[in-house]
There are 2 protein chains.
Amino acid sequence: MLTNQAVSSVNHLLTILPDVDRERLIAISEPVELSFAEVLYSAGDAIPHVYFPTGAFISLLTPVSADTGLEVGLVGREGVLGVTLMLGIAIAPFQARVQGAGAALRINTALFLHELDQSLALRQVLKRYLYVSMRQLAQSATCNRFHLVAARLARWLLMTHDRSDTDTFHVTHVFLAYILGVRRVGITKAAHSLQQQKLISYRRGDITILDRTGLKALACTCYQIDLETYRSNLG
Amino acid sequence: MLTNQAVSSVNHLLTILPDVDRERLIAISEPVELSFAEVLYSAGDAIPHVYFPTGAFISLLTPVSADTGLEVGLVGREGVLGVTLMLGIAIAPFQARVQGAGAALRINTALFLHELDQSLALRQVLKRYLYVSMRQLAQSATCNRFHLVAARLARWLLMTHDRSDTDTFHVTHVFLAYILGVRRVGITKAAHSLQQQKLISYRRGDITILDRTGLKALACTCYQIDLETYRSNLG
DNA sequence: TACAGTCTGTTCGCTAACGTACAGACATCC
DNA sequence: GGATGTCTGTACGTTAGCGAACAGACTGTA
């Protein structure tokens with residue numbers, strides 16, 4: 001229990017809950033370690049658990065074909081996976097794939113729904129998170145439409161870095177291509193360019209952030225807009 | 001009141017409410033006529049009213065710059081404008097612009113929130129609608145990323161036709177370009193092609209649907225996917 | 001009837017991204 | 001130590017869409 005409380009302080013949604021509500025939620029949760037590339041569920045599946053990441057982060061993906069897809073959301077310690085349960089629908093709208101291995105608090109769906117019933121504060125926080133998610137979804141839609149691969153890549157690296165404990169994380173060009181919905185070659189070129197500018201370095205799937213400020217300058221404004229949306233609703 | 005009941009039967013969300021709940025909602029609503037191009041509110045504005053369109057339909061837009069933007073949603077008699085009030089946030093996430101003139105039931109925000117408190121059935125229906133909206137938002141994101149202008153145009157025409165009383169509606173190439181986030185010339189070419197295939201005809205801002213089946217064949221699958229998402233949750 | 005405004009058609013060169021294919025570098029496992 | 005698989009680099013021609021500019025057609029008002 002003490003360890004649970006320790007890690008819970010790292011999920012921002014939990015930290016902004018009143019103590020009573022947070023402790024009740026933690027009491028029904030179990031700490032788990034999520035491993036890289038683990039698929040927690042696919043679009044259309046029942047949602048068996050809700051996850052509050054504390055160290056891990058999770059990609060929300062819409063598969064298009066076998067080797068094409070698109071990331072429509074990213075959930076780390078600023079958020080929660082399975083928030084659509086709030087809407088009374090236990091069917092996952094997207095595939096959830098662990099993109100950064102690490103810890104999370106896991107809660108059984110039935111227990112979570114029961115707790116949701118009890119806790120007004122929890123409902124309020126998750127409603128706000130859902131609102132933020134919607135706005136960020138719309139932001140992604142415009143980003144996909146208007147911005148160049150290099151800018152979108154820089155944005156994704158920043159978003160991921162924000163949710164990561166370390167400056168290095170594992171992701172190959174192939175998977176980045178899937179996430180951004182472009183060719184692998186497009187990623188290789190963009191990444192190469194970022195590396196030459198000393199903003200990142202990478203080697204066989206391990207990317208290291210060298211210069212956040214430089215990345216921000218190169219990323220599209222969507223990054224800052226998303227941050228501001230989050231801050232003004234859940235800050 | 002009798003007229004209100006008559007028109008309300010044309011908004012699908014209202015029709016699937018239990019009689020009691022629907023009548024209470026109608027009692028606090030007022031019928032209004034929305035006129036073409038009217039901006040009901042902009043992103044960041046307070047939401048003064050909720051609208052259940054019965055004949056009108058409304059574009060949800062994210063402005064990017066003065067003459068660029070992107071449609072992220074379309075609300076007609078299958079839906080409701082202002083559903084994010086469900087989430088306890090009275091700030092509009094998008095601009096709402098009347099795209100098809102016509103009737104709607106308008107409800108004052110405070111009255112609506114009070115009624116939401118009273119009616120479990122209303123909450124359930126709107127939760128489902130919110131879930132559908134999220135999935136459709138994500139679908140738009142992938143559509144923007146992968147599909148060609150002609151296919152996206154065909155999809156938009158079908159979606160609009162579904163929400164319209166007539167086969168002809170008013171929209172210029174300039175505005176279609178704004179909606180789809182492309183150049184005006186891109187629309188002119190795509191529309192020209194659809195016209196040559198006798199799927200539509202148009203003249204100075206008035207577009208007429210001639211062949212729905214042909215349009216469906218040309219539109220991307222996003223159209224069918226959206227329909228199926230709606231049907232399986234609110235059908 | 002002339003004029004101003006709006007809407008559509010067409011043209012120009014340009015570029016980001018596409019699909020495909022192959023080569024080299026590195027890692028792992030027998 | 002050789003073989004196999006994975007990851008990154010590079011090259012090819014192709015294309016959808018871009019920005020900008022201008023012409024013609026229609027509409028409503030003076």
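How do the residues of the surface near DNA strand D divide into nonpolar, polar and charged? They split into six nonpolar, six polar and six charged. Keep in mind as you look around that this is a predicted model. Two topics are covered here: how the two domains of chain A meet, and how chains A and B sit around DNA strands C and D.

**The two domains of chain A**

- Start with the layout: the domain assignment splits chain A into domain 1, residues 2–121, and domain 2, residues 145–234.
- Going by C-alpha atoms, the centres of these two domains of chain A are 23 Å apart.
- Where they touch, domain 1 of chain A puts in 22 residues and domain 2 of chain A puts in 16 residues.

**What the domain contact is made of**

- Together, domain 1 and domain 2 of chain A bury about 1600 Å², and 59% of that is on carbon and sulfur atoms.
- On the domain 1 side, the residues that lose the most area to domain 2 of chain A are F57(A), L74(A) and R77(A), which together make up 30% of what that side buries.
- There are two salt bridges between the two domains of chain A.
- If you'd like a salt bridge to look up, try E78(A) with R163(A), where the closest N and O atoms are 3.2 Å apart.
- Seven residue pairs are in polar contact across this interface between domain 1 and domain 2 of chain A, with both residues at pLDDT 80 or more.
- On the side of domain 1 of chain A that touches domain 2, at least two residues each come from α2 (12–15), β4 (57–65), β5 (68–75) and β6 (95–100) of chain A.
- The largest share of that side of domain 1 belongs to β5(A), with six residues.
- Sorted by class, that same side of domain 1 of chain A has ten nonpolar, seven polar and five charged residues.

**Around DNA strand C**

- DNA strand C has 18 residues around it, and the ones that come nearest are R183(A), R203(A), R184(B), R204(B) and G205(B).
- Of the atoms of DNA strand C that come within 4 Å of the protein, 54% belong to sugar and phosphate.
- R183(A) reaches a base: an N or O atom in its side chain is 2.7 Å from a base nitrogen of DNA strand C.
- Chain B offers backbone atoms to the phosphates of DNA strand C: a backbone N or O atom of H173(B) is 2.9 Å from a phosphate oxygen, and one of G205(B) is 2.8 Å from a phosphate oxygen.
- Helix α8 of chain B (residues 184–196) gives the most to the surface near DNA strand C, namely four residues.
- By class, the surface near DNA strand C has six nonpolar, six polar and six charged residues.

**Around DNA strand D**

- Here, too, you'll find 18 residues around the strand, the closest to DNA strand D being R184(A), R204(A), G205(A), R183(B) and R203(B).
- Sugar and phosphate make up 51% of the atoms of DNA strand D that come within 4 Å of the protein.
- From chain A, a polar side-chain atom of Y202(A) is 2.9 Å from a phosphate oxygen of DNA strand D, while a backbone N or O atom of G205(A) is 2.8 Å from a phosphate oxygen of DNA strand D.
- From chain B, an N or O atom in the side chain of R203(B) is 2.3 Å from a phosphate oxygen of DNA strand D.
- Helix α8 of chain A (residues 184–196) gives the most to the surface near DNA strand D, with four residues.

Definitions and conventions: Residues numbered from 1 in each chain as written. Chains lettered and ligands numbered in written order. Predicted model: local features only at pLDDT ≥ 70, side-chain atom pairs only at ≥ 80, totals over all residues. Heavy atoms only, no water. Domains from an automatic or database assignment. Contact = heavy atoms within 4.5 Å. Buried area = accessible area lost by both parts, 1.4 Å probe. Salt bridge = Lys/Arg side-chain N within 4 Å of Asp/Glu carboxyl O. Polar contact = N/O pair within 3.5 Å; in protein donor to acceptor, adjacent residues only side chain to side chain. Nonpolar A, V, L, I, M, F, W, Y, C, P; charged D, E, K, R; others polar. Near = heavy atom within 4 Å.
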